[in-house]
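Open the model in your viewer and keep the selection box at hand. Each stop below says what to pick and what is there.

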Amino acid sequence: MDTQLRDEHKQLLENDQKQMLCYGTSGFRENSKYLKFVGWRVGIFIGLMSKNTNLKLGVMITASHNKIIDNGFKVVPPQGGMLSIEEEQNIEIFYKSDEIVKQETKYDNGIVYVGRDTRPSSDSLCQIVLEGIKEAGAVGINLGIVTTPQCAFLVYATNLGLIQQIESNQLFFVEYFCNIFLQLVKNSIEGTLIIDGAEGVGGIWIKEFQQKLTNVLTIKRINYGDEPHLLNEGCGSEFVQKEKKLPKNFIYDPSYRYASLDGDADRLVYYYFDNNKLQIIEGDRFAILFAMYIEQELKKKPNLKLSIGIIQTAYANSASTKYITEKLGIYAKYAPTGVKYLHRAAHEFDIGIYFEANGHGAIIYKDHVLNQLKEFQLFELELFLKLSNQAVGDAIINILMTEFLLNKLQMNIQDWLLIYQDYPALSTKLYVKNKQIIKTNYEETSLIEPIDLKQKVDEIMSKFDKSYRTCIRPSGTESVVRVHSEGPQVEIVKEIDFRINELLKSYMEI
Ligand code: 16G
Ligand code: MG
């Protein structure tokens, strides 16, 4: 099996003049036709990993907001979150190597949970991952169609002993979080929330929450997965946030709140539409809303000392960072793009809040925090933190946290937008052949290489006031270089974006 799949894989790559795959920003992700052998090797690797640690692991089969033809594998470590850098390198090396499976492992048994999204290729890839797990002598358990955060949470919960047998308790995820939400929200929340499910797996699972929460929260679903072949098309958070357009099947009512998930439900934006204007709530504002409440609660107990930090990326609007540090007095820090970097950085604080502007985010806290909150009788905050999915950023759970807060703080989306004013910003991308020549500093706020390109960028920027900035970085998911420019005046931001793009066009291989 191994040799046959490997030969087929190499032949396919050679015919299409492609390199072997890399474990990238969010796992292996490619056109699904290249993924059979990858899935098999991922299955073996994770099976062995489980047998070496005596812990349960997970694999989620999804390509999130990508086109329906793509797919991918995200590995879920025992504690949720993401693999370490070393483990990522090892899995990539294992997939590329000819290493034989027969290996001595520390333990005889291993268990791996495999979840998948609704893509047409997901079912057969799931079967192949399960075969790989079996080849490693471990037990693969098929979770069926689940969201990425649901898969991560089930792995996390089973290792913690919160749940015994996932396979006979698929709804545990829904029950667990609805239960906490119902303890937090006693009276019914006003208004209607429309959730766009990107025609994906999130749209399907929202139904369970909708039914369980019907007495306190009115949810209407659109693009909820009854047309799975239209996954992410004209809908979902990537579409709304990047294209700045309303999703298909939009139902207009000025009193409604709107939320869009991405294809695997780990990303979220809110918005409202009035006077023909679409106003989008991006990740920065979720971080601020969550932090405002946490600060407000902790202020009630000055003797309770907990470190709080907010992790953002270079795409965060500077006005949000300014608000966090100057108005909320909270420490803000940048991490490179990609959930794994933010999630790791958030672990440095007792309470770490991380959000990418595109809507990936979570609050994570250290083990002692809940006990301390209990001790100081901050029961509501304790429940609020318990509500956040500790395994990974979760769009559905972030909706529940947001709905609780908007209701608690008596805010509507307009109020949320008025907390501070974003600086005009522009994000563009340029398709190039050689994106890897671009190197940035760790925070991705400035270019480091090529040096002559950096000098030219500095020359352009020296003509503008210091309050303007531009970031150039190679995408981790596409063959593009991304440019993000920002500053007080929209016309100047446009000019900067234009000049930088012209420079890149003349410098890069297009
Ligand atoms: C992936 C990442 C996301 C990041 C985006 C950047 C995860 C789960 N997802 O979708 O965090 O913002 O890539 O894409 O890590 P880019 O490198 O093409 O800009
Ligand atoms: Mg996603």
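**The ligand shell.** Begin with the residues around ligand 1: the shell divides into 1 nonpolar, 10 polar and 5 charged. Remember that this is a predicted model. In total, 16 residues surround ligand 1. Select the closest: Ser26, Val339, Ser475, Gly476 and Thr477.

**The domains.** Now colour the protein chain by its domain assignment. Domain 1 covers 2-166, domain 2 covers 176-281, domain 3 covers 283-393 and domain 4 covers 425-507. Show domain 3 and domain 4 together. Their centres, taken over C-alpha atoms, are separated by 29 Å. Each side brings residues to the contact: 9 from domain 3 and 9 from domain 4. What is the make-up of the side of domain 3 that touches domain 4: nonpolar, polar or charged? Its residues divide into 4 nonpolar, 5 polar and no charged.

**A four-stranded sheet.** Next, select β11, β12, β13 and β14. These 4 strands form an open sheet, in the order β12-β11-β13-β14. The pairing is mixed. Which strands stand at the edges? They are β12 (331-334) and β14 (361-365). Each has a single partner strand, so one side of each is left without a neighbour in the sheet. Look along the sheet for its twist: neighbouring strands are turned by 20 degrees against each other on average, direction ignored.

Stay on the pair β11 and β13. Strand β11 spans residues 308-312 and strand β13 spans residues 351-355. The two run parallel, joined by 4 bridges. Pick Gly309 and look across: Gly352 in β13 stands opposite.

Add helix α11, residues 339-346. This helix packs on the sheet and touches β11, β12, β13 and β14. The direction of α11 makes about 160 degrees with that of β13. Val339, one of the closest residues to ligand 1, is worth labelling here.

**A three-stranded sheet.** Move to β15, β18 and β19. Here 3 strands form an open sheet, ordered β15-β19-β18, with antiparallel pairing. At the edges stand β15 (425-431) and β18 (469-474). Each of these has a single partner strand, so one side of each lacks a neighbour in the sheet. The twist averages 15 degrees from one strand to the next.

Zoom in on β18 and strand β19, residues 480-486. They pair in the antiparallel sense over 6 bridges. Label Arg473, then find its bridge partner in β19: Arg482.

**Two backbone details.** Where does a cis peptide bond occur? Select Glu449 and Pro450, which a cis peptide bond joins, with omega about -5 degrees. Pro450 sits in the loop between β17 (447-449) and α16 (451-461). Then jump to Asn54. Its phi is near 65 degrees, a positive value in a residue other than glycine. Asn54 lies in the loop between α2 (36-53) and β2 (56-61). Why stop at such places? Most residues other than glycine have a negative phi, and most peptide bonds are trans.

**The UniProt features.** Finish by selecting the spans that the record names.

- UniProt lists "domain: Alpha-D-phosphohexomutase alpha/beta/alpha" (unreviewed entry) at residues 49-97 and 104-159. Residues 49-97 are 35% helix and 27% strand, with end C-alpha atoms 16 Å apart. Residues 104-159 are 46% helix and 23% strand, and their end C-alpha atoms lie 23 Å apart.
- UniProt places "domain: Phosphoacetylglucosamine mutase AMG1" (unreviewed entry) at residues 172-269 and 282-409. Over residues 172-269 the chain is 34% helix and 17% strand, and the end C-alpha atoms are 25 Å apart. Over residues 282-409 the figures are 52% helix and 15% strand, with the end C-alpha atoms 19 Å apart.
- UniProt puts "domain: Alpha-D-phosphohexomutase C-terminal" (unreviewed entry) at residues 457-500. This span is 36% helix and 30% strand, and its end C-alpha atoms lie 7 Å apart.

Key:
Residues are numbered from 1 along each chain as its sequence is written. Chains are lettered from A and ligands numbered from 1 in the order in which they are written. This is a predicted model: local features need pLDDT of at least 70, side-chain atom pairs count only at pLDDT 80 or more; totals for chains, interfaces and linings use all residues. Two strands pair if DSSP finds at least two bridges between them. Axes are lines fitted to C-alpha atoms, for helices over the stretch in contact, and angles run from 0 to 180 degrees between N-to-C directions. Two residues are in contact if their C-beta atoms, placed from the backbone, lie within 7 Å. Domain bounds come from an automatic or database domain assignment. Ala, Val, Leu, Ile, Met, Phe, Trp, Tyr, Cys and Pro count as nonpolar, Asp, Glu, Lys and Arg as charged, and the others, Gly among them, as polar. A residue is near a molecule or strand if its C-beta atom, placed from the backbone, lies within 6 Å of it. UniProt positions are given in the numbering used here, feature names are shortened, and annotations may be inferred rather than shown by experiment.
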